Amino acid sequence: MSAGCSPAGADEARADDGAQLTRRAFLHQAAALAAGAWAGGCRDGAAPAEAPGSVEILVVGAGVAGLAAARELERSGHEVLVLEARERPGGRVLTLREPFDDGLYAEAGAVFVPAHHHHAITFAREHGVPLVPAFDRRRAANQWFHVAGRLVRADVEGRVPWPLALPPAEQGMSPGALQERYLGPVIQRLGDPAHPSWPGETALAYDASSVAGLLRRQGASEHAIAIARLGYLDEWGDGIDHLSALGMLRDLAINARGHDAFSVQGGTDRLPRAMAAKLTGRIRYGAAVTVIHRRRRGVEVEYVEESTLRTVRARRLVCAIPFPALRTVRASPAWTAGKQAAIDGLPATSVTRVYLQVSRRFWDEDAPASTPTDLPIMLAAEASRGQPGGRAILEAFITGARAREVERMAPADRVSFVAGHMERIYPGLARHLERGASYAWDADPWSRGDYAWFRPGQVRRFLPHLATPEGRVHFAGDHTSTSPGWMNGALESGLRAAAEVADGSR
């Protein structure tokens, strides 16, 4: 076994001090460069040491939101430049191909595309990116859960023999059935979350409650709430005790249109790479923005590229930086109070994913693709399903406080910790384990967390400000869309931002 072999990224920054430029070190460097430039007379209206470039439209961030905006604007005849701090496109769409053998890969970010996510499917088709069914229907029909120290399996009718003292009306009900029982009627009262006027006061009333609190008010027993913590609901933010009921209900309302889904054949990163290929020569990688100046007739952006402070001017800007990372970018003048509150306050889900490469698929051939658990590893899954060869990759998907605990471990300790718990789901794992890897999104300097979520009260407070332009600066990213956490939402936001720019440029 070779434990702790991590992909280039967040793990290596912790394992080898100085091996990678952390965001904190970068900001110290950028501040020193900026101080030198300002000392040399680089003030508002004065020419910096290096003559600034200019472009019609500037896009900051080459995640799928920024790429969608840039591509749409360029197709409309606008001159576009994209600045991306990373050395790759995709943002939080990231496929890990190392340190795995035999061409295996695992997703650190987006995994699949629901069949009703038409933006994602349309972009994949337009860019020649093949989609394949994400789930084996036979295996998807199987449901396993590890709860209260036991591995339990649903029967052919989907009823689960929970080792919990549930009331008679709840006995045997799956998490999905309990969710439908207690949250389904509420969703019917929400209205259409995709409508521009949403949410109304009826919907906003649910923002004050947590998901767990709403379940209790709807009559769910405490054991039913414990079952609700298994899987999807508890994977947002810090879990259902801390999550706005309205934020979760919106996602359920938008995504309750069926269970068919696709994955990108060969890895999800093929989509942003194909999108970036259409923008050849229009993306500058390793270009980290430090200041956004808003002028009366345009914008001016300072960024660091190859340890050099540079400036570029544009008529308009699309900002597709996740808000936790945008907190470190200075705005001049300052953002409006509502926008700044949203930037400062909108949280991102802590996600740590740990991968175990095994010599062969040694488990029951009827085992489901994923198993929700009440263990610290939260969700156990095969990350390499559908990939050829004898070897395979198992994954633990961990969010919230538990993700932060695992993120603080050394990479090798993460692998050992997860392998110990995963043995309960996949007996015999230790005999087949060959190597491990992990990725912690909190430690990624350009995202500082994964998908956005809302605490109680934050939908009412932040939603009006997330996508609202600030002068000539327009905002994109899944956090500004109707579907936070999904590629479809990111693409939707990019198209919306491009339309705003086009309207303002007329």
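**Cis peptide bonds**

I began with Pro333, which sits in the loop between β14 (330–332) and α13. The model I am reading is a predicted one. I checked the bond before Pro333 and found a cis peptide bond joining Ser332 and Pro333. Its omega is about -5 degrees.

I then looked up another cis peptide bond, the one that joins Glu98 and Pro99. Here omega is about 10 degrees. Pro99 belongs to the loop between β3 (95–96) and β4 (106–107).

**A positive phi**

I turned to Ala148 and read its phi. The angle is near 55 degrees, a positive value in a residue other than glycine. I placed Ala148 in the loop between β7 (144–147) and β8 (150–153).

**Helix α13 against helix α17**

I went back to α13, which follows the loop of Pro333. I noted that two packed helices are described by the angle between their axes and the distance between the axes. Helix α13 (residues 337–345) packs with helix α17 (residues 458–466) at an angle of about 115 degrees. Their axes are 8 Å apart. I recorded the crossing of α13 past α17 as left-handed.

Which residues meet here? From α13 I listed Gly338, Lys339, Ala341, Ala342 and Gly345. From α17 come Gln458, Arg461, Phe462, His465 and Leu466. I sorted the residues of this contact by class: 4 are nonpolar, 4 polar and 2 charged.

**The sheet of 5 strands**

I traced an open sheet of 5 strands next. Its order is β16-β17-β18-β15-β19, and the pairing is antiparallel. Why is one side of β16 and of β19 left without a neighbour in the sheet? β16 (370–372) and β19 (433–440) stand at the edges and have a single partner strand each, so one side of each stays free of a neighbour in the sheet. On average, neighbouring strands of this sheet are turned by 15 degrees against each other, direction ignored.

I looked at β15 and β18 in detail. Strand β15 (residues 351–358) and strand β18 (residues 392–399) run antiparallel and are joined by 8 bridges. I found that Val358 has Ala392 in β18 as its bridge partner.

Then I checked the helices on this sheet. Helix α14 (residues 400–407) lies across β15, β18 and β19. Its run makes about 120 degrees with β18. Helix α15 (residues 411–422) also packs on the sheet and touches β15, β17 (379–382), β18 and β19. The direction of α15 is at about 75 degrees to that of β15.

**The sheet of 3 strands**

I followed an open sheet of 3 strands, ordered β5-β9-β6 with antiparallel pairing. Its edge strands are β5 (113–114) and β6 (131–133), each pairing on one side only. I counted 3 bridges between β6 and strand β9 (residues 261–264), in the antiparallel sense. Leu131 has Val264 in β9 as its bridge partner.

**Cavities**

How many cavities of 30 Å³ or more does the structure hold? I found 3. The largest has a volume of about 100 Å³. Its lining includes Trp236, Met248, Arg250, Asp251, Trp453 and Phe454. By class, I noted 7 nonpolar, 3 polar and 2 charged residues in this lining.

The second largest cavity holds about 60 Å³ of space. Among its lining residues I noted Arg92, Phe323, Leu346, Asp450, Tyr451, Asp478 and His479. This lining divides into 8 nonpolar, 1 polar and 3 charged residues. I saw Ala452 in the lining of the largest cavity and again in that of the second largest.

Notes
Residues are numbered from 1 along each chain as its sequence is written. This is a predicted model: local features need pLDDT of at least 70, side-chain atom pairs count only at pLDDT 80 or more; totals for chains, interfaces and linings use all residues. Side-chain values use heavy atoms; hydrogens and water are left out. Two strands pair if DSSP finds at least two bridges between them. Helices (H or I, at least four residues) and strands (E, at least two) are DSSP runs, numbered from the N terminus. Axes are lines fitted to C-alpha atoms, for helices over the stretch in contact, and angles run from 0 to 180 degrees between N-to-C directions. Contact means heavy atoms within 4.5 Å. On a 1 Å grid over the protein atoms alone, a cavity is a set of points where a 1.4 Å probe fits but cannot get out, and a pocket is an open set with protein on both sides within 12 Å along at least five of seven lines; lining residues have an atom within 4 Å of a point. Grid points are joined across faces, edges and corners, and a volume is the space filled by probe spheres set on the points. Ala, Val, Leu, Ile, Met, Phe, Trp, Tyr, Cys and Pro count as nonpolar, Asp, Glu, Lys and Arg as charged, and the others, Gly among them, as polar. A crossing is left-handed if the near helix is turned anticlockwise from the far one by less than a right angle, and right-handed if clockwise.
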